[in-house]
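Reader: Could you walk me through the packing inside this protein, with a close look at the aromatic rings?

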Amino acid sequence: MPLALEGKKAIVAEVSEAAKDALSVVVADSRGVAVSKMTDLRKQARENGVQIRVVRNTLARRALAGTQWECLNESFVGPTLLAFSTEHPGAAARLFKEFGKDEKNFEVKALAYEGEFIPASDLDRLATLPTYDEAIAKLMSVMKEASAGKLVRTLAALRDQKEEAA
């Protein structure tokens, strides 16, 4: 059933609003995936700060026109599922990677991060980005190792200084 012009405008406005706040976008094809599985995916997406929209290709192109996500226009072929990561740039990619392991019919078409087109073959590039807490933990461990190394060098220098004095 065709959408009325007002309905199309509303969809374009919703997708444009989601795109404005997004840190990254993932485009996928969910043909052949059971509705119950898609419902579970949507639930997980909400929990991870990811907005999922199924949009007609022409409306998706129109909604993303003039944004940094315009580079994805070539991937809008066939059924299109858009996932906008709003809290962490790798959230949608990580979610789709895990979902794709169990669902063979689910296919990631393309990704975009900071206006850069990323082919689906490079899904891990975004999916493996550390979360904020993971990045802080890594930074703290590096700082801890650096300070421990400095302490060892300082103690060794004191030992050498005392040996020379004796």
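Author: Here is a look at the nonpolar core and then at its rings. This is a predicted model, where local features need pLDDT of at least 70, side-chain atom pairs count only at pLDDT 80 or more, and totals for chains, interfaces and linings use all residues. Residues are numbered from 1 along each chain as its sequence is written, and side-chain values use heavy atoms, with hydrogens and water left out.

The largest nonpolar core (buried Ala, Val, Leu, Ile, Met, Phe, Trp, Tyr and Cys residues joined through side-chain atoms within 4.5 Å) has 23 residues. Buried here means under 20% relative accessible area, with a 1.4 Å probe and protein chains only. Among the residues with the most contacts inside this core are V26, F96 and F106. Helix α4 (a DSSP run of H or I, at least four residues) gives the largest share, six residues. V26 touches, with heavy atoms within 4.5 Å, residues including L81, A92, F96 and L111.

Now the rings. The structure holds two aromatic pairs, meaning ring centres of Phe, Tyr or Trp (its six-membered ring) within 6.5 Å. F96 and F106 sit 5.0 Å centre to centre with 85° between the planes, which makes them edge-to-face (over 60 degrees). F96 lies in α4 and F106 in the loop between α4 and β4, so the pair ties together parts ten residues apart in sequence. The rings of F99 and F106 have centres 4.9 Å apart and planes at 85°, so they are edge-to-face too. Put together, F96, F99 and F106 form one aromatic cluster. F96 is buried; F99, at 9% relative accessibility, counts as buried, and so does F106 at 7%.

Technical notes. Buried means under 20% relative accessible area, exposed over 50%, partly exposed in between (1.4 Å probe, protein chains only). Helices (H or I, at least four residues) and strands (E, at least two) are DSSP runs, numbered from the N terminus. Rings of Phe, Tyr and Trp (its six-membered ring) pair if their centres lie within 6.5 Å; planes under 30 degrees apart count as stacked, over 60 as edge-to-face and the rest as tilted. Lists of a residue's contacts leave out its neighbours within four places in sequence.
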